[in-house]
Amino acid sequence: MTRTQLTVLFTSLVLGSESTTSFAQDQPTYPRGEYLAYSAVSGEVANDAMVARTAYSHVVSVPNALWMRLYFSDLVLEDRSILRLTSLADGEVQVLDAEGARQWGHTSAYFNGDRVVVELIALPGTRRNRVAIESLAVEYVGSEPQPVGGTGQCGICGLDDRVPSNVQWSARLMPVGCTASVFDSCSTMVSAGHCMSSGMVVQFNVPNSLSNCTMVNPPVADQFPITNYAYSAVDIGNDWAVLKAGANSLGQKPYDRYGVFMPVATSAATVGSAVSLWGYGKDTNCINNQRQQLSTGGVSVVSPTYFQFSADVRSG
């Protein structure tokens, strides 16, 4: 039976101090898809009418795209003007005002399908609203990932005993596909330091993946931007991240929406302690690939900086 190492923190996690990685990171090529240059520019649009109106509309269309995310190089929303994004595949809608656009880092949520309608809705009397799209993240039909993760794979102890689960304090961290967990009522989250990147989004209530292993995005209301993080990614035993989640399209943070969290332990586990792991790792069973699954086992070794345990865990 193989053993998997899990980083354990015995020191305080301080938001506001960051360190950088000094060891090789296994950054997966999916589920982040491919980055595609794209240009759509509204220019400044005004609204001299007495009521709000759609001052600019554009359909982002990428043939054969399974999902996409939009990146804006310029986005100005005067007063209470908004940007409304709608997937034509499933009707999911994201509405961004100026503060929402700031929290999302001038990006969108992840949308299923190959077409997204972009509408700039200007309030009366506003004159300098504008939007410019500079790139997309896209997963194409025919470019599906090769599933990795199952019996005999690294991180799997004997038979792969993971089973689908849906605890609502555990999320898929995009774009790298790692796992992040809510640990307090302020929607603060913990993950691994080597998973950190810019423009991160956490996704809850993640659906089954497609039969070709391609991930499916949850509803927009179950997606939240990461607005701040601190991390260290030095080595085993010093590979951690603390993240702050922003608001979804309804103005909620994860704890506001789901009302649950998993608190950080006040002491280290001991040999023989039970282990339960909820994660979004790869799986050769395609519908379970990179959706939440649970594996159980026990702690076999406790060192000053990490545990060894027998539960199954795969990278994203």
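**Salt bridges and strands in a predicted model**

D74 is partly exposed, because its relative accessible area of 25% falls between the limits of 20% for buried and 50% for exposed. The structure to which this residue belongs is a predicted model, and D74 is a convenient place from which to begin reading it. The side chain of D74 forms a salt bridge with R130, in which the closest N and O atoms stand 2.6 Å apart. This pair links distant parts of the chain, since D74 belongs to strand β4 and R130 to strand β9, with their positions 56 residues apart in sequence. R130 is likewise in the partly exposed class, as its relative accessible area is 26%. The pair does not stand alone, for E44, D74 and R130 are linked in a network of salt bridges.

The two strands that carry this pair are also joined to each other through their backbones. Strand β4, residues 65-76, and strand β9, residues 130-140, run antiparallel and are connected by 10 bridges; within this pairing, R69 stands opposite A137 in β9. Both strands belong to an open sheet of four strands, whose order is β2-β9-β4-β7 and whose pairing is antiparallel. The edges of this sheet are formed by β2 (34-41) and β7 (107-112), each of which pairs on one side only. From one strand to the next, the twist averages 20°.

How many salt bridges does the model contain in total? The count comes to nine, and two further examples can be set beside the pair already described. Side chains of opposite charge can pair when their charged atoms come close. In one of these examples, D114 forms a salt bridge with R115, and the closest N and O atoms of the two are 4.0 Å apart. That separation lies at the limit of the criterion, which accepts a nitrogen within 4 Å of a carboxyl oxygen, and the assignment of D114 with R115 at 4.0 Å may be read with this in mind. D114 counts as partly exposed at 29% relative accessibility, and R115 is partly exposed as well, with a relative accessible area of 39%.

In the other example, the side chains of R162 and D283 meet in a salt bridge with an N to O distance of 3.4 Å. R162 lies in the loop between β9 and β10, whereas D283 lies in the loop between β17 (274-279) and β18 (293-302), so this pair ties together parts of the chain that are 121 residues apart in sequence. Are these two residues buried or exposed? R162 is buried, because its relative accessible area is 11%, and D283 counts as buried too, at 5% relative accessibility.

V163 lies in strand β10, which covers residues 163-164. V163 is partly exposed, with a relative accessible area of 41%, and once its neighbours within four places in sequence are set aside, V163 is in contact with Q293 and L294. The C-alpha atoms of V163 and S295 are separated by 6.7 Å, although these residues are 132 places apart along the chain.

A last residue to examine is S191, in strand β13 (residues 188-191). S191 counts as buried, because its relative accessibility is 12%. The side chain of S191 reaches the backbone oxygen of T179 at 2.8 Å. Leaving out residues up to four places away in sequence, the residues that S191 touches include L173, C178, T179 and A180, together with M196, W240, A241 and L243.

Technical notes: Residues numbered from 1 in each chain as written. Predicted model: local features only at pLDDT ≥ 70, side-chain atom pairs only at ≥ 80, totals over all residues. Heavy atoms only, no water. Helix = DSSP H or I, 4+ residues; strand = E, 2+ residues; numbered from the N terminus. Buried < 20%, exposed > 50% of the residue type's maximum accessible area, 1.4 Å probe, protein only. Contact = heavy atoms within 4.5 Å. Pairing = 2+ DSSP bridges. Axes fitted to C-alpha atoms, helices over the stretch in contact; angles between N-to-C directions. Polar contact = N/O pair within 3.5 Å; in protein donor to acceptor, adjacent residues only side chain to side chain.
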